[in-house]
Amino acid sequence: MGNYYQPEIETAPREQIIAIQNEKLQKQIKHVYENVEYYRNLMDEKGVKPEDIKTIDDIKKLPFLTKADLRDAYPYGLLGTDLKDCVRIQSTSGTTGKRVVAFYTQHDIDLWEECCARAIVAVGGTNEDVCQVCYGYGLFTGGPGLNGGSHKVGCLTLPMSSGNTDRQIQFMMDLGSTIICCTPSYAAFIGESLAEKGYKPEDNKLKAGIFGAEPWTEEMRQSIQKSLGIKAYDIYGLTETSGPGVSFECEEQTGMHINEDHFYAEIIDPDTGEVLPEGEKGELVFTALDKEAFPLLRYRTRDICVLTRKKCSCGRTHVKMSKPMGRSDDMLIIRGVNVFPSQIETVLLNEGYTPNYQIIVDRKNNTDTLDINIELAPEQMSDKVSDIEAMEKALEGAMRTMLGIGPKCHLVAPKSIVRSEGKAVRVIDNRKLHD
Ligand code: ADP
Ligand code: ZN
């Protein structure tokens, strides 16, 4: 059995969770209908009234919200409370377009920080831990969310923010950080920098890392666990639903428990909008059950994953989501074949390469091209051109097997691909330039 921040709710029987969801949804739908004109109009168009929503199953009757709605309604159109009741704004990273701003009342901040506290306790965090938060602080939700969660748990919190890796390492070593929170790509970079400074994985006091905000593969997890000498746990969230902590991994490390007392999750077919049964892969849709200032209902995340209610050995009863394999808009369609960057990462790490790579897509003579630049580790360097060519050929074969199409692989010199301190930019799609 594991450690819980709020044991009653985290291990509540399913019926109790459903009862909480039923009650909160009825209240939330009234709140939204009365206060958010934008969503009231969507409901009116669909002919749904708050009285039609009695149980959580009735949620299917409600209209979806999309990122396009958020952009339409920018900045205040989806606000559920008076601005005077809001105490904070955060904003998306703008990875896939115009930024979205989200509003928080103090109640919303508390709820969010509690979710992050659950994640920290789940990885073994207590008030004896030193928690180094190297997600970016500011408008991005990563830093503030984990910072708040760390305070709630009572950890000694190091609000490092991202970047300045030398200082990160110095503080980590001098102050004996035991938990680290950042993007997985930054964790990989910190691991690499530690080794360069001559530290072995056992030289640091870290025991666990909480990594999220971008897709990362199982292979990447293994690689980070090795380089930092820790257990690496996944955490998921998005600004629209508050930030990180919507779901988090427990000691099983087999998917993330969704905080179902606050967020109701559905998986839909992204093309038809139809709700899919448990275990099927599709687009994740969230309803915030008790957020006040930015109470999104049936928000389409565009993240593709699977939900499971299989019993978890940690004792938590909340549904688990698989690692998102990337957003539907991260998916590349190359010569008609669907390619996710995460598939490329899996092949690279399985073949013994570094997680430093960049994917370049282009169109030449009306045909899509896929090039992957992969950085060699110093020990993989060879003076013989034929060695490098053979390695590239082998990698291209492995990629073809995984992807169904053949990319061109280019092995490049160590340190030639820029490192990420936040969300890594893995794909450059030049086709957009020609469109
Ligand atoms: P942006 O959409 O501009 O990147 P956010 O900073 O709010 O804004 O990022 C939320 C998105 O980040 C999610 O929708 C998801 O695509 C991605 N994300 C967050 N956590 C994870 C995770 N653990 N694994 C994969 N993707 C994640
Ligand atoms: Zn669990």
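This report describes the zinc site, the buried residues around it, the nonpolar cores and some backbone features of a predicted model.

Local features are given only where pLDDT is at least 70 and side-chain atom pairs only at pLDDT 80 or more, whereas totals for chains, interfaces and linings use all residues. Residues are numbered from 1 along each chain as its sequence is written, chains are lettered from A and ligands numbered from 1 in the order in which they are written, and side-chain values use heavy atoms, with hydrogens and water left out.

**The zinc site**

The zinc ion (ligand 2) is held by the SG atoms of Cys250, Cys312 and Cys314 together with NE2 of His257, at 2.1 to 2.3 Å; donors here are N, O and S atoms within 2.8 Å of the metal (3.2 Å for Na, K and Ca), and water is not among the atoms, so sites may look incomplete. The angles among the four donor atoms run from 102 to 114°, and the site is tetrahedral, a term that requires all angles of four donors to lie between 85 and 135 degrees. For comparison, the ideal angle for four tetrahedral donors is 109.5 degrees. Along the sequence the donor residues follow the spacing C-x6-H-x54-C-x1-C. Histidine 257 belongs to strand 9 (residues 256-258) and cysteine 314 to the loop between strand 13 (307-308) and strand 14 (320-321), so this pair ties together parts that are 57 residues apart in sequence. Helices (H or I, at least four residues) and strands (E, at least two) are DSSP runs, numbered from the N terminus. Both histidine 257 and cysteine 314 are buried, meaning under 20% relative accessible area, with exposed being over 50% and partly exposed in between (1.4 Å probe, protein chains only).

**The loop between strands 13 and 14**

Histidine 318 also lies in the loop between strand 13 and strand 14, and at 5% relative accessibility this residue counts as buried. A polar atom of the histidine 318 side chain lies 3.1 Å from the backbone nitrogen of glutamate 260. Beyond residues up to four places away in sequence, histidine 318 touches a set that includes Ile9, Arg118, Glu260 and the zinc donor His257, where contact means heavy atoms within 4.5 Å. Valine 319 is placed in that loop as well and is buried at 4% relative accessibility. Among the residues that valine 319 touches, not counting those up to four places away in sequence, are Met256, His257, Glu260 and Leu307. Valine 319 and glutamate 278 are 41 residues apart in sequence, with their C-alpha atoms 9.9 Å apart in space.

**Helices 2 and 9**

Glutamine 28 is part of helix 2 (residues 14-35) and is buried, with a relative accessible area of 5%. A polar atom of its side chain lies 2.9 Å from the backbone oxygen of lysine 291. Leaving aside neighbours within four places in sequence, glutamine 28 is in contact with residues including Ala288, Lys291 and Leu297.

In helix 9 (residues 218-228), the residues Met220, Arg221, Ile224, Gln225 and Leu228 are buried. Because they cover an arc of only 135° around the axis, they lie on the same side of helix 9, the arc being that of the directions from the helix axis to the C-beta atoms. These buried residues pack against helix 8 (184-196), strand 6 (208-212), strand 7 (231-238), strand 8 (243-249) and helix 10 (341-350).

**Nonpolar cores**

The largest nonpolar core has 71 residues, and those with the most contacts inside it are Tyr39, Leu62, Leu284 and Phe286; such a core is a set of buried Ala, Val, Leu, Ile, Met, Phe, Trp, Tyr and Cys residues joined through side-chain atoms within 4.5 Å. Helix 5 (residues 106-122) gives the most to this core, with ten residues. A second, separate core of 23 residues includes Ile169, Met172, Leu194 and Ala232.

**Backbone features**

Most residues other than glycine have a negative phi, and most peptide bonds are trans. The table lists residues with a positive phi.

| Residue | Phi | Place |
|---|---|---|
| Glycine 229 | about 65° | just after helix 9 |
| Serine 242 | about 125° | loop between strand 7 and strand 8 |
| Glutamine 253 | about 55° | loop between strand 8 and strand 9 |

Serine 242 is buried at 2% relative accessibility, and glutamine 253 is buried with a relative accessible area of 14%. A cis peptide bond, with omega of about -5°, joins tyrosine 74 and proline 75, and proline 75 lies in the loop between helix 4 (67-72) and strand 1 (86-91).

Terms used
Polar contact = N/O pair within 3.5 Å; in protein donor to acceptor, adjacent residues only side chain to side chain. Tetrahedral: all angles 85-135°; square planar, octahedral: opposite > 155°, others 65-115°.
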